[in-house]
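Dear colleague,

I am handing over the structure we spoke about, and below it you will find my notes on what turned up in it. Please keep it open beside you as you read.

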Amino acid sequence: MIDEDDDFAEIASDGDEEWGDAGDEETFGEEETSHQIDQAPMNEVDIIDSKRVREMMNETVRNMEGVINVPTSVCLKLLRAFSWNEEKLVNEFTEKGTKALLKGKGLDTLLSKPSPLKVSSFEC
């Protein structure tokens, strides 16, 4: 008498040889993963301390002062208003000019000089 379980075991073992065992599938998966990692770009991150950040900010302010020709305090406020995006600041400055740029950001009073106080008479 033929045992059906033996026939099934024989067919299953033949299939393993033809298609490989589970170990091959794991290796294939690992190779795929390592291949993807090799192609992924490596991002470098520079860590800078607060002193270097301040130096970079001061350099940016000096550069922008020369471009838009405003005092340091005004330039600093404009850079803050533009989230330190120099390109946006220069573009808007080029399009609008200094007065319109400052007025648009609510900083137009920064460049106006106070009128001198006139005193008609002075007594001690």
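Is Trp-84 buried, partly exposed or exposed? Before the answer, please bear in mind that this is a predicted model, and that what follows was computed from it.

Trp-84 is partly exposed, because its relative accessible area is 28%, and a residue has to fall under 20% to count as buried. This residue is found in the loop between α4 and α5, and its backbone deserves a look too, since Trp-84 has a positive phi of about 60 degrees although it is not a glycine. Ser-83 lies in the loop between α4 and α5 as well, and its phi, near 55 degrees, is likewise positive in a residue other than glycine. Most residues other than glycine have a negative phi. Ser-83 counts as exposed, because its relative accessibility is 61% and the limit for that word is over 50%.

The loop between α4 and α5 also holds Phe-82, which counts as buried because its relative accessibility is 8%. Setting aside the neighbours within four places in sequence, Phe-82 is in contact with Lys-88, Leu-89, Glu-92, Leu-101 and Lys-105. One of these contacts spans a stretch of the chain: Phe-82 and Lys-105 are 23 residues apart in sequence, yet their C-alpha atoms are 9.2 Å apart in space.

Next comes the interior. The largest nonpolar core has 14 residues, and among them Ile-68, Cys-75, Leu-78, Leu-79, Leu-89 and Leu-101 touch the most other members. Four helices, namely α3, α4 (72-81), α5 (86-96) and α6 (98-104), each supply at least two residues of this core, and α4 gives the most, with four residues. In soluble globular proteins, nonpolar side chains tend to be buried together. To follow one member outward, you could start from Ile-68, which is in contact with Cys-75, Leu-78, Leu-89, Phe-93 and Thr-98 when its neighbours within four places in sequence are left aside.

Helix α5 shows how one element can have a buried side and an exposed one. Its residues Leu-89, Glu-92 and Phe-93 are buried, and, seen down the axis of α5, the buried residues fall within an arc of 105 degrees, so they line one face of the helix. These buried residues pack against α3, α4 and α6, whereas the face turned away from the buried side carries the exposed residues Glu-87, Thr-94 and Glu-95.

How many salt bridges does a search of the whole structure find? The search finds two, and you can locate them as follows.

- In helix α5, the side chains of Lys-96 and Glu-92 meet in a salt bridge, with 3.0 Å from N to O; the two residues are four apart, about one turn of the helix. Glu-92 is buried, because its relative accessible area is 17%, while Lys-96 counts as partly exposed because its relative accessibility is 45%.
- In helix α3, the side chains of Glu-55 and Arg-52 meet in a salt bridge at 3.6 Å, N to O; because they are three residues apart in this helix, about one helical turn separates them. Glu-55 is partly exposed, with a relative accessible area of 36%, and Arg-52 is partly exposed, with a relative accessible area of 36%.

As background to both pairs, an α-helix has 3.6 residues a turn, so residues three or four places apart point the same way.

Two further residues of α3 are worth finding. Thr-60 lies in helix α3 and counts as buried because its relative accessibility is 15%; not counting residues up to four places away in sequence, Thr-60 touches Leu-79, Trp-84 and Glu-86, which brings us back to the tryptophan of the opening question. Met-56 is found in helix α3 (residues 50-68) and is partly exposed, with a relative accessible area of 35%. Together with Ile-48, Val-53 and Met-57, Met-56 makes a nonpolar surface patch of about 290 Å².

With kind regards

Definitions and conventions
Residues numbered from 1 in each chain as written. Predicted model: local features only at pLDDT ≥ 70, side-chain atom pairs only at ≥ 80, totals over all residues. Heavy atoms only, no water. Patch = residues over 30% accessible without salt bridge, like charges linked within 9 Å, V, L, I, M, F, W, Y side chains within 5 Å. Areas by Shrake-Rupley, 256 points an atom, 1.4 Å probe, with all protein chains shown as cover. Salt bridge = Lys/Arg side-chain N within 4 Å of Asp/Glu carboxyl O. Buried < 20%, exposed > 50% of the residue type's maximum accessible area, 1.4 Å probe, protein only. Contact = heavy atoms within 4.5 Å. Core = buried A, V, L, I, M, F, W, Y, C linked by side-chain atoms within 4.5 Å. Arc of directions from axis to C-beta.
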